[in-house]
Amino acid sequence: MSFRSFPKKEAVLVVYVHVIHNPGESREVWEPLYRLAVPASAFELELLQHPALQRLRHIRHYGAAALVCPVKHSRYDHTVGVWALAKTFFPDWRELHAAALMHDAGHLPFSHAFESKIGKDHHAQTERWIYSESITRILRKHGLSPDTITRLLNTDSPLSHRSEYLGIDHLDSFLRDTAAAGCFPDTPSTWIGRLGFEGCYLNAADEETAMKLIEAVVLDHRIFLNPYHVALDALLGEAVARWLGEEAGRIDEVVTMTDHRLLSELEQAPDPVVRSLVRVLLEEPHRLVLCDEGEADAYRAEVRKVYARQPLVDGQPFAARSPKAKALLGELDTMKGSFCFRIHDG
């Protein structure tokens, strides 16, 4: 049965999967995690179809850990989720919708896995995309300013901010990651009506909802900051840095690669050490073991940052009224630190 033969009520334009041009019909994007059919305006469709966003289909949100764990969604999946939530909570704020679509455009292959290792910042890369001729043309054609979009991404907004409270960006990450891992206790689509915003900050309808959000925050950290997963990112960073030592002129090319393209380049690297590190990532990840500092051939991995975000309840920080929530968030600081690992010969 072709798409066009579907009953009219089922004919949702699924730009999330692919774009189908049906002139004269409404355009909607189906967001499956939240089960939302989101109306998409002309500028949103143009941005969704732009190569900068299409590339994000091939960037793993969970970094190198996605090579070994079930959390395999892409930066594009996350982007569509953030945009769908922005449209739901702030339906008339066009600039916020554009910022939601563009907010992750600059991510390197495997997201955060090695950007600090090679001295590249995905936020700066995102701004380069926003000010690129093709994106700027789309924005200005529809009465939007690139300056306004970048300002929304660099100052406090409902998308993200520097406070301890939840914004849309982190909300989608925590729900999407834990749902993919099979850890989230509910179906995220049932939550939309229990959440709202107080200015830039997420407000939960009740303490039960707030507690489940806190649990999702902590569960997600337990997964992606598992030493084994952090070691995989560190090992990929070692491989990339060593390869760029011989291919320094390609660093600007690397930041625009997909995960697959980068792995292909590393697998074909002239340096046999680079090839062996990638083989461990792809075929022998069980060989990674924790070890003491100073052991021969040890690599160091470090966790410097955690995202101890919480919702408001009745406009007040939930951890201030819930000792259990405060204790759970306190666990995140214990995850910071460094450790060593090596590749076991057996």
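This passage walks through a few helices and strands of a predicted model. Residues are numbered from 1 along each chain as its sequence is written. Because the model is predicted, local features need pLDDT of at least 70 and side-chain atom pairs count only at pLDDT 80 or more, while totals for chains, interfaces and linings use all residues; side-chain values use heavy atoms, with hydrogens and water left out.

Helices and strands here are DSSP runs numbered from the N terminus, helices being H or I with at least four residues and strands being E with at least two. A good place to start is helix α13 (residues 259–267), which packs with helix α14 (residues 272–283) at an angle of about 130°, their axes being 8 Å apart. Axes are lines fitted to C-alpha atoms (for helices, over the stretch in contact), and angles run from 0 to 180 degrees between N-to-C directions. That angle makes α13 oblique to α14; angles under 35 degrees count as roughly parallel, over 145 as roughly antiparallel, 65 to 115 as roughly perpendicular, and the rest as oblique. Contact (heavy atoms within 4.5 Å) brings L263, L266 and E267 of α13 up against V274, R275, V278 and L282 of α14. By class, five nonpolar, no polar and two charged residues make up the contact of α13 with α14. Ala, Val, Leu, Ile, Met, Phe, Trp, Tyr, Cys and Pro count as nonpolar, Asp, Glu, Lys and Arg as charged, and the others, Gly among them, as polar.

Helix α15 (residues 323–333) has two sides to look at. A325, L328, L329 and L332 of α15 are buried, whereas P323, K326, A327 and D333, on the other side, are exposed. Buried means under 20% relative accessible area, exposed over 50%, and partly exposed in between (1.4 Å probe, protein chains only). The buried four cover an arc of only 95° around the axis, so they sit on the same side of α15; the arc is that of the directions from the helix axis to the C-beta atoms. These buried residues pack against α10 (207–224).

Now for the strands, where two of them pair if DSSP finds at least two bridges between them. Strands β3 (residues 195–198) and β4 (residues 201–204) pair in the antiparallel sense over four bridges, with G196 opposite N203 in β4. Their hairpin has two residues between the strands, and G199 takes a positive phi near 65° there.

Elsewhere, three strands form an open sheet in the order β5-β9-β6, with antiparallel pairing. Its edge strands, β5 (288–291) and β6 (299–303), each pair on one side only. Five bridges join β6 to strand β9 (residues 337–343), and Y299 has F341 in β9 as its bridge partner.
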